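Thanks, everyone. I would like to take you through a few parts of one assembly this morning, so please have the sequence and the coordinates open while I talk.

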Amino acid sequence: MSLALIQAPVSASFGGAFEFIFTPQTSNVTGGKTVGGLSQVVELTLTQLEVTVLALALALVVALPAGLYFGHRGTGELVAIGLGNAGRAVPELALIALMAAVIGVGLLNLTVALAILGIPPILTNTFVGIREVDRASVDAARGIGMTEFEIVHKVEAPMALPSIFTGIRTATINIVATATIAPLAGVATLGEFILGENVYGANGVLAGAIMVALLALVLEFSLAGLQRLLTSKGLRLSAV
Amino acid sequence: MPSEEVTDERSNSGASAVRYEGATKRYGDSSVAAVDALTLEIPAGEICVLVGPSGCGKTTAMRMVNRTVEMSEGDILIGGESVRDRDAARLRREIGYVIQQIGLFPHRTIAQNIAAVPQLLGWKKERTEARTAELIELIGLDPELGGRYPAQLSGGQQQRVGVARALAADPLVMLMDEPFGAIDPINRERLQNEFLRLQAEIGKTVLFVTHDIDEAIKMGDRIAVMREGGKVAQYATPAEILMDPADEFVEDFVGADRALKRLALMRVADIDLWKAPLAYVGQPTAEVRAKLASPDVEVPYPLLVDSERRPLGWLSERDLRADVVPSRPDSPLGPLLDRDDVMRDALADLLQGEAQYAAVADHQGRIAGVLSVEIISEFLGSPEAKTEEHGAVERPHG
Amino acid sequence: MASGVLFAAAGEVGKGFIHERTSETLPCQAKPSHLFCWDWARQNIDRFGTPALQQFELVAISVAVGFAVAFALALLAHRRRWLRPPLLAGTGVLYAIPSIAFFLLLLPITGRGRETAIIALSAYTLQIIYRNVTVGLSNVPASAKDAARGMGMTERQILWRVELPLATPEIVGGLRIATVSTVAIATLAVFAHAGGLGTQIFTEANLHFPTSILIAGGIAMLMALSFDAILLTVQRFATPWRRVRAS
């Protein structure tokens with residue numbers, strides 16, 4: 001049906017894309033409008049980061065306490081695991097498009113939609129991580145007089161940290177990737193370049209892709225670094 | 001020295017009696033109790049071993065004390081105070097807890113693991129650190145290991161840390177659930193001895209769970225033999241349990257070799273030794289022969305001793321044919337026992353040396369008497385032995 | 001038949017929204033705020049056939065390619081331990097790159113089309129499959145390997161007769177996660193102009209038309225769940241000893 005599109009000549013090049021990132025240029029599609037350049041790229045990148053952080057924060061607020069609670073209690077396994085599996089099957093594009101079409105556009109709606117994508121991995125990994133904490137350590141913690149809250153806070157959560165972080169990292173990847181199509185929901189992220197080929201040109205599309213990939217990798221490496229910083233050396237030793 | 005004062009105060013006031021009053025545990029609405037109306041008094045400062053086959057409820061019984069298992073009926077009093085009235089977490093901070101799986105926190109260093117309870121109690125940093133250092137020394141760990149993580153320690157070292165963590169806030173009572181069960185036999189014995197030495201110093205009230213009757217005999221001041229359904233079959237000292245099992249169940253559980261086990265509870269000094277005719281170097285042999293001829297002689301061979309009465313060897317017929325006692329005896333001394341030797345080991349020495357008699361020396365090395373296989377077998381068979389009671393003597397004297 | 005089930009389910013959800021408009025006879029396209037338009041769905045179901053098939057092909061090929069590569073890498077790392085950290089990091093980086101960006105980054109190299117989508121989608125599956133195969137192999141009890149060696153199996157025989165069968169649950173587990181995720185992500189293949197169900201979501205005509213989005217998304221989810229069910233069945237038949245233990 002869109003054979004013409006598939007065979008469309010590819011005019012993008014990495015050189016052109018980098019030029020687009022650093023130098024503002026006149027759009028060759030819509031006459032006269034200035035596009036690209038560092039300031040616009042930075043602005044859109046920051047918006048994508050902002051949306052990602054907001055959605056991740058919302059997902060954390062919901063999923064982390066729930067995962068800790070159910071993991072500690074050992075109940076709700078079906079929901080926690082099932083939600084994780086179902087979450088993977090939800091097509092991001094359909095979710096965002098549907099949210100935009102049914103509930104409406106805007107930062108708040110987008111944040112909620114993205115947070116929905118982030119909740120399942122955090123919840124599942126937190127739950128599983130807590131359940132997998134050595135029962136002897138928990139028994140000892142209770143035996144030496146830790147309250148249930150202290151057991152979660154001082155023993156289970158630190159020991160489940162690697163698993164929790166796996167969940168947070170997966171959630172972050174999902175959210176930042178999906179934030180690319182945020183323009184569908186009326187929020188101008190880097191997806192603005194990608195979805196607006198007729199304004200920004202093929203080089204603009206590629207520039208957007210480069211920036212999205214960079215942003216995702218920066219987030220991934222930052223979280224990996226943070227995880228390393230927060231994870232006790234003792235856990236790494238006992239994992240060997 | 002102030003630190004010594006602290007230690008003294010601790011051992012004097014740091015233990016409370018534990019009293020079970022009909023403590024019962026039922027799981028769900030099961031009609032069969034896991035622990036059935038347990039009534040037991042454990043005096044302050046003693047080690048009480050709960051021993052029995054798996055599934056007899058011994059661990060459940062122990063766990064009701066710190067309420068990691070909530071009892072269904074009855075009560076348990078620590079120092080006269082019901083555990084039921086206490087906030088569970090606060091109660092547990094006053095009770096040391098050691099488990100077979102050790103359960104150290106892998107994400108915390110050894111020092112942080114030991115400091116866990118003091119931290120929960122909100123001790124000042126300096127006090128916690130001082131106490132941690134003190135405990136690392138007490139359990140004989142290299143102070144350098146304080147900064148290591150559990151994964152870097154051997155199983156035996158980890159359980160020493162487990163014991164130190166339990167002792168950190170100077171608990172009134174210690175609960176130990178098969179604490180040495182997962183340790184190899186050589187290290188287990190070492191840890192048992194270390195703990196007994198420690199206990200002689202700190203004098204805690206200890207509830208010790210094991211399924212191993214030998215460990216129970218070794219560790220316990222008192223033993224509660226439990227049977228399925230959480231009932232106590234017999235509660236007595238190790239010696240009583242060995243000599244006078246309350247019923248067939250206890251007899252079976254203690255094992256057919258209980259006579260031998262009793263020997264592990266006694267020292268050579270606890271038994272009446274025989275006297276051998278003594279012979280001194282250079283003494284006329286006629287005098288020695290006269291001693292041998294006396295009717296109340298118990299050992300038919302003269303024992304050669306030096307001027308300090310230290311045993312040198314046994315004289316033979318040939319030695320006595322000379323005029324004076326020679327300085328070198330014909331037969332070697334054979335096994336030489338100490339008055340403090342455990343009877344089981346003394347018997348082993350006798351059998352291994354293929355000797356009928358063994359000289360027993362006192363602390364100065366002077367002859368104290370002679371032990372024979374006959375004395376041991378007579379003792380084990382005699383009725384008065386069954387009433388005689390000796391402490392669990394294998395522990396080092398505090 | 002599968003679509004029939006989906007329709008029934010989606011119809012349930014949509015009822016409340018449709019309710020107020022049942023009296024109108026106008027085609028639903030004119031009122032994009034409709035959550036689900038039953039009439040439109042009935043008339044236009046045909047247009048989802050080709051995209052669904054495209055999506056299915058994309059997923060099947062991508063997962064197959066991804067599995068082949070990841071499995072080979074895992075076996076390589078199984079023999080050469082030093083390869084593990086770099087391979088884990090490398091596949092992790094590929095996993096972290098958002099798929100849309102990945103599609104477009106390939107534009108100057110492979111252009112637009114199915115190949116581009118397949119490259120990106122299979123790269124995305126590498127980490128999950130690789131990690132699970134490695135974990136599965138390292139979880140094999142040392143005693144089993146020792147016994148195999150003791151009875152005279154070669155390293156190759158140990159791998160194929162002992163280690164891989166015992167690692168099957170983890171391997172299939174990885175495959176399931178990878179497949180389900182890929183079905184969802186393949187919806188984005190529309191950005192690589194590789195077709196798929198995304199075409200029924202991301203076109204000017206459909207973008208604000210919930211019915212089309214719901215049908216396309218629903219088919220994708222149903223496809224994911226079917227793949228999952230099939231793989232789970234395969235796993236159960238491939239590891240009869242685990243069924244015995246479970247019962």
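The buried residues of helix H4 in chain A are Ala80(A), Gly84(A) and Ala89(A), and I should say at once that what we are looking at is a predicted model. The helix to which they belong covers residues 77-89 of chain A, and its 13 residues reach 19 Å from the first C-alpha to the last, which is close to the 18 Å expected at 1.5 Å a residue.

What do the buried residues of H4(A) pack against? Within chain A they pack against helix H6, residues 107-131, and in chain C they pack against helix H9, residues 155-186, together with helix H10, residues 210-238.

Let me stay with those two helices of chain C for a moment. H9(C) and H10(C) pack at an angle of about 170°, with their axes 9 Å apart. Angles over 145 degrees count as roughly antiparallel, and H9(C) and H10(C) are therefore roughly antiparallel to each other. By class, the contact of H9(C) with H10(C) has 12 nonpolar, 4 polar and 2 charged residues. On the H9(C) side, the residues that meet H10(C) include Pro169(C), Val172(C), Leu175(C), Arg176(C) and Val183(C), while among those contributed by H10(C) are Met223(C), Phe227(C), Asp228(C), Leu231(C) and Leu232(C).

Returning to chain A as a whole, the chain has 11 helices and 2 strands, and from the N terminus on, the order of its elements is α-α-β-β-α-α-α-α-α-α-α-α-α. Of its 240 residues, 53% count as buried, and its accessible surface comes to about 10,100 Å², with 67% of that belonging to carbon and sulfur atoms. If we take the contacts in chain A with a separation of 6 or more, residues 24 or more positions apart account for 73% of them.

My last stop is in chain B, at Pro311(B), which is found in strand S13, residues 311-314. Is Pro311(B) buried or exposed? With a relative accessible area of 11%, which is under the 20% cut-off, Pro311(B) is buried. Leaving aside residues up to four places away in sequence, Pro311(B) touches Leu303(B), Leu304(B), Val305(B), Leu333(B), Leu336(B), Ala359(B), Gly365(B) and Ile367(B). One of these, Leu333(B), lies 22 residues from Pro311(B) along the chain, and the C-alpha atoms of the two are separated by 7.4 Å.

Note on methods. Residues are numbered from 1 along each chain as its sequence is written. Chains are lettered from A and ligands numbered from 1 in the order in which they are written. This is a predicted model: local features need pLDDT of at least 70, side-chain atom pairs count only at pLDDT 80 or more; totals for chains, interfaces and linings use all residues. Side-chain values use heavy atoms; hydrogens and water are left out. Helices (H or I, at least four residues) and strands (E, at least two) are DSSP runs, numbered from the N terminus. Buried means under 20% relative accessible area, exposed over 50%, partly exposed in between (1.4 Å probe, protein chains only). Contact means heavy atoms within 4.5 Å. Accessible areas come from the Shrake-Rupley method with a 1.4 Å probe; for residues, only the protein chains shown count as cover. The expected span of a helix is 1.5 Å times one less than its number of residues. Axes are lines fitted to C-alpha atoms, for helices over the stretch in contact, and angles run from 0 to 180 degrees between N-to-C directions. Angles under 35 degrees count as roughly parallel, over 145 as roughly antiparallel, 65 to 115 as roughly perpendicular and the rest as oblique. Ala, Val, Leu, Ile, Met, Phe, Trp, Tyr, Cys and Pro count as nonpolar, Asp, Glu, Lys and Arg as charged, and the others, Gly among them, as polar.
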